[in-house]
Amino acid sequence: MARYLLLRLADAVPTVLLVLTLVFIAMRILPGDPAIAALGDMATPEQLEIFRERMGLNAPLWQQYIDFVWGMLTLDFGTSLMNNQSVLRLIGYNLPYTIELTIVAMILGVGSGIPLGVLAATHRNKAADSAVRGFSLLGYAVPDFYLGALLLITFSLNLGLFPINGGGEGFLDRMHHVFLPAVTLALVKAAFIGRLTRTSLLEVFGKDYIRTARAKGAREPRVIYRHGLRNALLPLTTGIGLSTLATLSGSVAIELVFNRPGIGKLLISAISERDYAVIQGGVVIFAMFVVLINLMMDLVYIVVDPRIRVQ
Amino acid sequence: MTVPLLKVDNLAVEFGPKANPIRVVDGVSFEITAGGAVGIVGESGSGKSITSLSILRLISEPPGRIVQGRIEFNGVNLLELPRSKMPDIRGRDIAMIFQEPMSSLNPVMTIGDQIGEAIKLHEAMTGEERRARVIEMLRLVGIPDPAGRLDAYPHQFSGGMRQRVMIAMALACNPKLLIADEPTTALDVTIQAQVLDLMHKLRRTLNTAVLLISHDLGVIADVCERVVVMYAGRVVEEADIRSIFRTPQHPYTRGLLQSIPRLDDDRDRLYQIPGSVPLAGSVKKGCPFYERCSLRIEKCMNKMPPMFSFGPDQRAACWVTASQADAKEKEAALQ
Ligand SMILES: Nc1ncnc2c1ncn2[C@@H]1O[C@H](COP(=O)(O)OP(=O)(O)OP(=O)(O)O)[C@@H](O)[C@H]1O
Ligand code: SF4
Ligand SMILES: [Mg+2]
């Protein structure tokens with residue numbers, strides 16, 4: 001088990017480096033001169049030169065690369081070109097909102113997706129199954145930004161039940177603010193997790209050990225949950241991990257629609273203003289989260305699969 | 001006459017759509033007395049597993065369903081019990097072990113928990129008592145260091161050891177009948193012998209009745225007193241072990257006997273019954289063995305032979321051997 005963990009961790013290192021390298025390259029080949037972007041068209045060549053010197057843009061490429069990787073790894077993201085704020089502080093302010101949105105969306109999505117999947121699998125080819133399948137199809141077909149706008153118009157604008165924008169202050173207010181955006185993201189998650197639960201469960205139900213469980217006198221609820229769902233958790237773990245990643249990236253559009261703070265919103269405005277330092281920091285943070293979630297999935301595998309835990 | 005422990009009477013099982021069903025088990029009848037041991041033998045696809053699963057009503061429905069017959073256990077027709085009563089019988093009165101030891105145990109539960117669950121489902125015990133019983137069962141089936149193996153997972157056991165765990169689990173509640181569906185087929189020969197030995201020993205010590213399913217008559221002769229020979233979903237012969245080996249009456253049984261490998265074998269190749277088992281449910285009339293039978297006559301093609309008695313302990317479904325026996329009897333009577 002310790003070996004497995006070390007291997008996973010070791011796996012993450014090249015991933016992180018690869019991501020940083022890609023970001024570095026992308027930032028160099030992006031159109032537009034960061035110096036002009038920062039100082040504006042009216043800046044004199046001298047001003048631009050001073051700026052480049054200060055930002056290390058005149059150093060040899062390998063030097064820039066090493067400085068960049070080191071800076072990212074030590075969370076030294078530099079300062080925003082627009083307002084001279086520390087990028088780390090900008091991220092520090094926005095990140096909790098994105099994490100909060102992702103977590104609440106995942107809790108809602110997984111919390112409703114798994115029961116729906118169980119319902120569908122245990123009522124295979126009956127009305128409940130068709131209903132769940134219809135819901136899944138809908139979840140796949142409706143784009144989340146559209147759904148978000150729909151919910152916003154109905155529940156916030158027309159009914160006034162939820163705030164229209166912002167992130168909220170204090171726990172209850174924040175939950176009030178995060179609810180609609182989270183529901184928007186959760187609906188797609190529930191559709192995905194529901195389908196996955198159904199397929200995984202149906203596959204597990206065909207296994208010999210399920211027959212064994214019945215043969216020793218287990219009643220259906222025990223067969224379904226203790227033996228069935230417990231084994232279906234293995235494929236589900238992968239699905240939930242992937243789904244968390246999708247939620248994270250989906251949050252970009254949703255933060256825009258609901259006009260709430262978050263890394264996605266920060267990134268979008270940075271892109272429109274060519275704030276390279278912020279774009280760079282935001283993308284790296286996003287990538288780090290992907291790596292982190294993958295690591296967490298590996299940890300969950302250890303818990304749910306004894307074949308990894310004990311060898 | 002005493003009531004047999006298990007009496008299967010005229011059982012039929014169908015698969016597929018109701019409008020166009022495939023009958024994979026048809027008119028199967030046999031009995032097991034308390035403490036007795038009966039074997040079912042037949043080639044792959046002859047309906048042995050379906051018959052044994054039917055007893056516990058474990059056929060998955062759909063696609064399968066029991067369409068006719070009675071399965072009496074201690075005089076109660078299990079097929080008439082409400083579905084919700086079956087879990088009380090499974091594991092407590094009738095336990096079952098399966099053909100596939102590698103996949104029949106839950107991979108994410110410790111074997112201690114799996115055997116313990118079988119006990120927990122049927123007997124009120126404290127955790128301590130249950131643990132002691134699990135250890136006792138593991139020792140009984142010959143698992144070394146049973147207390148130390150409670151927290152092990154199935155993947156840490158070999159196939160033979162897993163089958164022992166299955167047997168321990170099946171016997172944990174002291175069932176009156178153990179159904180063993182090809183318990184040794186997936187194991188290599190030495191392990192096979194050990195598991196059969198174990199079943200022998202357990203029969204003697206626990207007095208559990210056994211229904212042993214195999215495609216190997218030798219294995220059945222090892223453990224059982226009586227044999228049911230199945231072919232294409234039907235019983236074609238039923239007798240005590242001695243009669244089966246000395247005076248097999250159905251041509252199919254004779255073929256099976258010829259194909260058992262023997263130590264004094266000097267044949268280059270094992271005998272094989274020519275042809276293959278007809279597809280389940282494809283025989284609509286006449287004798288199911290007709291296509292492969294060397295004794296067949298015209299009558300066989302059109303009329304399904306019923307079970308004829310050959311002495312007090314033997315019955316077989318064959319027109320030709322029945323009339324031969326008749327003739328012999330008349331001859332004997334004349335002399
Ligand atoms: N789910 C199913 N759907 C359709 N037909 C089935 C199904 N399960 C079994 N059958 C058919 O029932 C027949 C009997 O199968 P069964 O498993 O009882 O054979 P068996 O005698 O146990 O063979 P083996 O020695 O291979 O275990 C086979 O012809 C098989 O095709
Ligand atoms: S009834 Fe006819 S075909 Fe069938 S086994 Fe006997 S001789 Fe062969
Ligand atoms: Mg079988």
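This is a guided tour of a predicted model, going from one selection to the next.

**Chain A, coloured by confidence**

Select chain A and colour by pLDDT. Its mean pLDDT is 86, and 98% of its residues reach 70 or more. Within chain A, confidence is lowest in helix H2, residues 34-39, where the mean is 70. Confidence is highest in helix H9, residues 208-215, at 94. Where pLDDT is low, the predicted coordinates should not be read in detail.

**Helix H9 of chain A**

Stay on H9 of chain A. Of its 8 residues, 6 are buried, so the helix is largely enclosed by the rest of the structure. Show side chains for A:Asp208, A:Tyr209, A:Ile210, A:Thr212, A:Ala213 and A:Ala215, which are the buried residues. Now add what they pack against: helix H8 (171-205) and helix H10 (220-257) of chain A, together with S6 and H6 of chain B. Just after the helix, A:Gly217 has a positive phi of about 105 degrees.

**Where chain A meets chain B**

Show both chains. At the interface, 28 residues of chain B are in contact with 21 residues of chain A. The two chains bury about 2,300 Å² between them, and 55% of that is on carbon and sulfur atoms. There are 14 residue pairs in polar contact between chain B and chain A, with both residues at pLDDT 80 or more. On the chain B side, helix H2 (86-89), S6, H3 and helix H6 (159-171) each supply at least two residues that touch chain A. H3 of chain B gives the largest share of that side, 3 residues.

The count of salt bridges between chain B and chain A is 4. To see two of them, select B:Glu117. Its salt bridge with A:Arg222 has its closest N and O atoms 2.6 Å apart. B:Glu117 also forms a salt bridge with A:Lys216, at 2.9 Å between the closest N and O atoms. This second pair crosses from the loop between H9 and H10 of chain A, which holds A:Lys216, to helix H3 of chain B, which holds B:Glu117. A:Lys216 and B:Glu117 are both buried.

**A:Arg260**

Return to chain A and select A:Arg260, in the loop between H10 and helix H11 (263-272). Is this residue buried or exposed? A:Arg260 is buried, with a relative accessible area of 1%. Beyond its neighbours within four places in sequence, A:Arg260 is in contact with residues including A:Tyr97, A:Glu100, A:His177, A:Pro181 and A:Glu255.

**Salt bridges inside chain B**

Over all chains, the salt bridges number 28. Select B:Glu14 and B:Arg65, whose closest N and O atoms are 3.9 Å apart in a salt bridge. B:Glu14 is in strand S1 (residues 6-15) and B:Arg65 in strand S4 (residues 64-73) of chain B, so the pair ties together parts that are 51 residues apart in sequence. B:Glu14 and B:Arg65 are buried.

Next, select B:Glu182 and B:Lys48, a salt bridge with its closest N and O atoms 3.7 Å apart. B:Glu182 sits in the loop between strand S7 (177-181) and helix H7 (189-206), and B:Lys48 in helix H1 of chain B, so this pair ties together parts 134 residues apart in sequence. Both B:Glu182 and B:Lys48 are buried. Then add B:Arg23, B:Asp26 and B:Arg234 to B:Glu14 and B:Arg65: salt bridges with shared partners join these residues into one network.

**The magnesium ion**

Select ligand 3, a magnesium ion. Which protein atoms are its donors? They are OG of B:Ser49 and OE1 of B:Gln99, lying 1.9 to 2.7 Å from the ion. The two donor residues are 50 residues apart: B:Ser49 is in helix H1 (residues 48-55), and B:Gln99 is in the loop between strand S6 (94-97) and helix H3 (111-120) of chain B. B:Ser49 is partly exposed, with a relative accessible area of 23%, and B:Gln99 is partly exposed at 25%.

**Last stop: B:Leu256**

Finish at B:Leu256, in helix H10 (residues 251-258) of chain B. B:Leu256 is buried, with a relative accessible area of 8%. Leaving out neighbours within four places in sequence, B:Leu256 is in contact with B:Val41, B:Leu217, B:Val229 and B:Ile273. Add B:Gly42 as well: from C-alpha to C-alpha, B:Leu256 and B:Gly42 are 8.3 Å apart in space, though 214 residues apart in sequence.

Conventions. Residues are numbered from 1 along each chain as its sequence is written. Chains are lettered from A and ligands numbered from 1 in the order in which they are written. Side-chain values use heavy atoms; hydrogens and water are left out. Helices (H or I, at least four residues) and strands (E, at least two) are DSSP runs, numbered from the N terminus. Buried means under 20% relative accessible area, exposed over 50%, partly exposed in between (1.4 Å probe, protein chains only). Contact means heavy atoms within 4.5 Å. pLDDT is the predictor's confidence in each residue, from 0 to 100. Donors are N, O and S atoms within 2.8 Å of the metal (3.2 Å for Na, K and Ca); water is not among the atoms, so sites may look incomplete. Buried area is the accessible area (1.4 Å probe) that two parts lose on being put together, summed over both. A salt bridge is a side-chain nitrogen of Lys or Arg within 4 Å of a carboxyl oxygen of Asp or Glu. A polar contact is a pair of N or O atoms within 3.5 Å; within protein, one must be able to donate a hydrogen and the other to accept it, and residues adjacent in sequence count only if both atoms are side-chain atoms.
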